[in-house]
Structures are given as C-alpha cells and as structure tokens.
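User: I am new to this structure and would like to understand the words people use for it. Could you walk me through them?

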Amino acid sequence: MEPHQEGTRDLSLDLVDAPSPNHDARPDGGPIDTLVLHYTGMETGTAAIARLRDPDAKVSSHYVVEEDGRVFSLVAEDRRAWHAGLSWWRGHLSLNDRSIGIEIVNPGHEWGYRDFPAAQVGAVIALCHGILGRHPIPGRNVVAHSDVAPERKQDPGERFPWAALAEAGIGVWPGAAPDEARALPPLSIGDAGTGVTGLRAVLRRIGYRVASEGAYDRSVAVALTAFQRHWAQHRTDGVADGETRWRAGRVLGLATGHVRTA
Ligand SMILES: [Zn+2]
C-alpha cells in the first residue's frame with residue numbers, strides 16, 4: 001500500500017537538510033494557521049541560504065526553494081522561525097508565532113526582479129500542499145510578506161504566480177473583473193467619501209491593518225499596494241482602479257465564504 005496522500009506529495013520534493021540555529025519555541029497552545037511566502041532578495045540563493053543559517057543574522061525561514069526546484073529545510077515546523085518580523089494580519093501581531101515561512105529564491109526588486117521559473121513554482125506548490133495537509137491554514141491566511149508588513153516589504157512581489165497556486169488549491173484568487181466593474185471610478189490619495197470608507201472596510205476585513213475611518217491617505221495606499229502585489233498585479237501604484245476595487249471585494253467574498261469558486 002502507498003502511504004497517505006500527504007506523504008506521497010512530500011516524496012515528490014527533493015528535500016535538502018540545511019539546519020539553521022535561528023529559531024525558538026512557539027508560544028504555548030497557539031495554532032499554526034498562517035503561511036507566509038517571501039522572496040530572498042539577495043544576489044544568489046547560496047548567499048541567502050548562508051545568511052538564513054548564520055547565527056549573527058538572527059533570521060531564518062522553515063524552507064528555502066531554489067530556482068531549480070530544490071527545497072532546503074532549515075527549521076522544523078513546530079519551532080518558530082524568524083522570517084516575518086514586525087507584522088500584522090487579521091488582528092494578530094508577530095506572525096512568526098503562528099506561521100510557516102517559505103523563502104523563495106529571487107534577487108527581488110533590489111537586485112533584478114525576475115520571473116519565478118516553472119520548476120521553482122512546482123516545488124513551492126508541492127511544499128505548500130504538504131504544509132496545508134499538516135496544519136489548519138485557511139486559504140485567506142496564505143499570504144505574502146508584503147501583506148503582513150506592507151510598510152516595510154514588497155516580497156514575493158507582483159511577479160509571483162499566486163493564480164497558479166490558487167489553481168492548485170493554495171490560497172484564494174479573485175480572477176478578473178467583469179467590464180462593468182472595471183468602469184468603477186478610481187480612488188486615490190486625497191479622495192474621501194463612502195467609496196473610500198467601503199474600501200477601508202474591505203481591506204481591514206481581508207486582514208490589513210487599516211483604520212476604519214478617514215480619507216484615502218498614505219496608509220490606505222500602502223495597504224492597497226500590498227493587495228495589488230498579491231491579488232491585482234496589473235498595477236502596484238496604490239491607486240484603486242475599478243479592477244482592483246472589484247478584486248478586493250471578491251477576495252473578501254472568497255475569504256469569508258460568501259463567494260465560492262466554480
Ligand atoms: Zn520576506
């Protein structure tokens with residue numbers, strides 16, 4: 001007999017042991033209910049892995065996925081890896097307590113941001129399948145580092161193929177807006193009124209740390225830019241055009257179970 005499905009999926013991974021000392025105990029009793037994806041943002045994967053294993057750097061992740069699809073295991077999932085830093089999602093601070101972190105090798109916006117190769121994306125999908133089989137992580141809690149730390153972080157960025165992951169059952173994906181939604185007027189910094197209040201509410205309910213009241217200020221633009229990097233990748237300028245506004249409502253609908261995919 002074959003082992004159960006989760007084990008079978010894991011066997012498809014070319015897992016390399018590369019232990020990091022940079023971890024500690026998770027707080028007692030908390031669930032592991034969030035998955036945070038990153039890019040390494042360094043010139044090479046080798047340099048990134050070395051840093052994530054350097055005791056002086058005091059950073060780590062549970063896994064690193066190289067561009068050729070090799071997966072390195074750095075920290076055991078029951079330990080707290082140090083990947084997210086100061087962070088917030090759906091009312092929770094310090095996402096390291098309750099998350100698994102995956103670093104995906106890419107030079108990032110600083111060193112020459114480029115597409116994620118198919119072999120790498122396939123390995124990320126296989127790795128995520130295993131993780132989602134072991135922990136109760138809802139689709140809405142499969143997030144980017146930029147979602148949980150939008151003031152500081154851009155990773156894994158707008159080239160990351162979140163749609164392909166969602167197609168494989170990992171995370172939620174809104175799809176494209178219908179024509180009439182695309183015609184909604186754009187909202188941007190300086191705007192105020194019910195449209196802005198509504199957008200604040202949607203961003204908050206998705207999980208971003210945005211105040212409920214106020215005009216379209218920098219804080220809204222920052223959260224919206226993070227939303228765009230993940231769910232509306234056609235632009236990342238913090239302007240809420242019709243496409244982005246529709247997708248935000250759709251992500252919330254999927255997150256709360258009010259909208260289901262076919
Ligand atoms: Zn990151």
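**How the terms fit the model**

Analyst: Gladly! This is a predicted model. Let's start with a strand pair: β3 (residues 34–39) and β9 (residues 99–104) run in the parallel sense, joined over 6 bridges.

User: What makes β3 and β9 count as a pair?

Analyst: Pairing needs at least two bridges, and β3 and β9 have 6 bridges, so they qualify as a pair. Tyrosine 39, for instance, has isoleucine 104 in β9 as its bridge partner.

User: Which strands make up the open sheet, and in what order?

Analyst: The order is β1-β5-β4-β9-β3-β10, 6 strands with mixed pairing.

User: Why are β1 and β10 called edge strands?

Analyst: β1 (15–17) and β10 (142–144) each pair on one side only. On average, neighbouring strands of this sheet are turned by 25° against each other, direction ignored.

User: How do you know which way helix α2 runs relative to β4?

Analyst: Angles between N-to-C directions go from 0 to 180 degrees. Helix α2 (residues 45–52) is at about 175° to β4 (63–65), so the two point in nearly opposite directions. Helix α2 also lies across β5 (71–73) and β9.

User: Which residues of the largest nonpolar core touch the most other members?

Analyst: Of its 63 residues, those are Val64, Val65, Leu127 and Leu203. Helix α4 (residues 118–134) gives the most to this core, with 7 residues.

User: Why is this core said to lie between two domains?

Analyst: Because domain 1 (5–167) and domain 2 (179–256) both give residues to the core, it lies between them.

User: What is leucine 203 in contact with, leaving aside neighbours within four places in sequence?

Analyst: Its contacts are Tyr208, Val210, Ala223, Leu224, Phe227 and Ala248.

Definitions and conventions. Residues are numbered from 1 along each chain as its sequence is written. This is a predicted model: local features need pLDDT of at least 70, side-chain atom pairs count only at pLDDT 80 or more; totals for chains, interfaces and linings use all residues. Helices (H or I, at least four residues) and strands (E, at least two) are DSSP runs, numbered from the N terminus. Two residues are in contact if their C-beta atoms, placed from the backbone, lie within 7 Å. A nonpolar core is a set of buried Ala, Val, Leu, Ile, Met, Phe, Trp, Tyr and Cys residues joined through C-beta atoms within 7 Å. A residue is buried if 20 or more other C-beta atoms lie within 10 Å of its own, exposed if 12 or fewer, and partly exposed in between; C-beta atoms are placed from the backbone. Domain bounds come from an automatic or database domain assignment.
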